[in-house]
Amino acid sequence: MTTTPLAFLKGHGTENDFVIVPDPDNAIELSASAVARLCDRRAGIGGDGVLHVVRSAAHPEARDMAGEAEWFMDYRNADGSIAEMCGNGVRVFARYLEHAGHITAGEIAIATRGGVKRAHLEKTGDVTISMGRARLPEDGVTVTVGDRSWPARNVNMGNPHAVAFVEDLAHAGDLRSEPPYEPAAVYPDGVNIEFVADRGPRHVAMRVHERGSGETRSCGTGACAVAVAAARRDGADPAETGTPVTYTVDLLGGTLTITEHPDGEIEMTGPAVIVAEGRIDPAWLSENATA
């Protein structure tokens, strides 16, 4: 770890918050324990995850996307584990690039482990992300909390989700630990679990346990998965009708608008805010933070 103070920023999208570490040349080695230290809400900066900002050409996992997207979102969960994608994170990542002067408002392609995502951002206001297409594997699971169990729809948004429809969001429990599900083999690398309650026509509310982070105030890929699962439950499939379907998804930290188009492309629109920036003491970060 370098002895030079490291720049960081803090941002959030519908209160899904992130520590942003700019590192264009991929010169900073972020161990899992260092990421967990940064995300610690009492002893660190605090966040649901880390957005490591790297030029695609400088990162071995993104070099093949460099021709399409200059920047790579090397996303880490709060426990230091690596994740394929984070929808709210992509919006905040795009807002950071604009904030830092790397891009201007408009269209931007961002490389992620879940593929290249395209963002549209205004100078102020919401950011819209083209999230790609959902995959709907046939195998689902049963999720259990206390003495209640529900079938959960398997939806993959570049990362795995299990979507359960419930009568009351309180039935999800405290969500500090991962709710048990069976069969566990359906999600060998873990899963994000969403609990969903209806609020009106094409309007739902959700809570989520994100793997590696616990309950978060918001989950962008989770909101997309919920909208797709709700649409299929409600008998709506844009690929069959030729008409886009839009759902309003209320989360603990705000509201996202999710639209699924006839070609399967899903767009997510919501806020993204940079709230602070500063310097990290490298000695503090490296102390007891070896992988």
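**Figure 1. Strand β7 and its two antiparallel partners.** In this predicted model, leucine 121 stands opposite valine 127 of β7. The strand that pairs with β7 here is β6, residues 115-121, and four bridges join the two in the antiparallel sense. The β6–β7 hairpin has five residues between its strands, and glycine 125 in this hairpin adopts a positive phi near 100°. Strand β17 (residues 265-270) also pairs with β7, again antiparallel, over five bridges. Valine 127 is worth finding a second time in this view: its bridge partner in β17 is glycine 270. How many of the seven residues of β7 are buried? Five are, so the strand, which covers residues 127-133, is largely enclosed by the rest of the structure.

**Figure 2. Strand β2 with β1 and β3.** Here we turn to β2, residues 16-22, where seven of the seven residues are buried, so the rest of the structure largely encloses this strand. Asn16, Phe18, Ile20 and Pro22 point one way from β2, while Asp17, Val19 and Val21 point the other way. Strand β1 (residues 6-13) runs antiparallel to β2 and is joined to it by five bridges. One pair to look for is histidine 12 and its bridge partner in β2, aspartate 17. Two residues lie between the strands of the β1–β2 hairpin, where threonine 14 has a positive phi near 45°. With β3 (residues 49-55), β2 pairs in the parallel sense, over five bridges. In that pairing, valine 19 is opposite valine 50 of β3. Aspartate 17 also belongs to a network of salt bridges that links Lys10, Asp17, Arg41 and Asp48.

**Figure 3. Helix α2, a mostly covered helix.** Does the length of α2 agree or disagree with 1.5 Å a residue? The 13 residues of the helix, 87-99, should span 18 Å, and the C-alpha atoms at its ends are 19 Å apart, which agrees. Twelve of the 13 residues are buried, among them Val90, Val92, Phe93 and Leu97. The buried residues of α2 also include polar ones such as Asn88 and charged ones such as Arg91, Arg95 and Glu98. Glutamate 98 forms a salt bridge with arginine 95, with 3.4 Å between the closest N and O atoms. The two residues are three apart in α2, so about one helical turn separates them. Both glutamate 98 and arginine 95 are buried. After the helix comes glycine 101, with a positive phi near 85°.

**Figure 4. Methionine 73 and the nonpolar cores.** The largest nonpolar core has 52 residues, and Met73 and Ile258 are those with the most contacts inside it. Helix α3, residues 220-233, gives the most to this core, contributing nine residues. A second, separate core holds 19 residues, including Val141, Ala162, Tyr181 and Ala197. Beyond residues up to four places away in sequence, methionine 73 touches Gly89, Val90 and Phe93, among others. Its contacts also include Leu51, His52, Met85, Cys86, Ile110, Ala111, Thr112 and Arg113.

**Figure 5. Asparagine 159 in its loop.** Asparagine 159 sits in the loop between β9 (148-156) and β10 (160-165). Is asparagine 159 buried or exposed? Its relative accessible area is 4%, so it counts as buried. Its side chain makes a polar contact of 3.2 Å with the side chain of threonine 221. Leaving aside neighbours within four places in sequence, the contacts of asparagine 159 are Glu84, Met85, Asn192, Arg211 and Thr221.

**Figure 6. Salt bridges at helix α3.** Side chains of opposite charge can pair when their charged atoms come close. The count for this model comes to 18 salt bridges, and two of them are shown here. In one, the side chains of glutamate 260 and arginine 232 meet at 2.7 Å, N to O. Glutamate 260 lies in strand β16 (residues 254-260) and arginine 232 in helix α3, so this pair ties together parts that are 28 residues apart in sequence. Glutamate 260 is buried, with a relative accessible area of 9%. In the other, the side chains of aspartate 234 and arginine 233 meet in a salt bridge of 3.0 Å, N to O. Here aspartate 234 counts as partly exposed, at 42% relative accessibility, and arginine 233 is also partly exposed, at 37%.

How values were computed: Residues numbered from 1 in each chain as written. Predicted model: local features only at pLDDT ≥ 70, side-chain atom pairs only at ≥ 80, totals over all residues. Heavy atoms only, no water. Expected span 1.5 Å × (residues − 1). Buried < 20%, exposed > 50% of the residue type's maximum accessible area, 1.4 Å probe, protein only. Core = buried A, V, L, I, M, F, W, Y, C linked by side-chain atoms within 4.5 Å. Contact = heavy atoms within 4.5 Å. Polar contact = N/O pair within 3.5 Å; in protein donor to acceptor, adjacent residues only side chain to side chain. Salt bridge = Lys/Arg side-chain N within 4 Å of Asp/Glu carboxyl O. Pairing = 2+ DSSP bridges.
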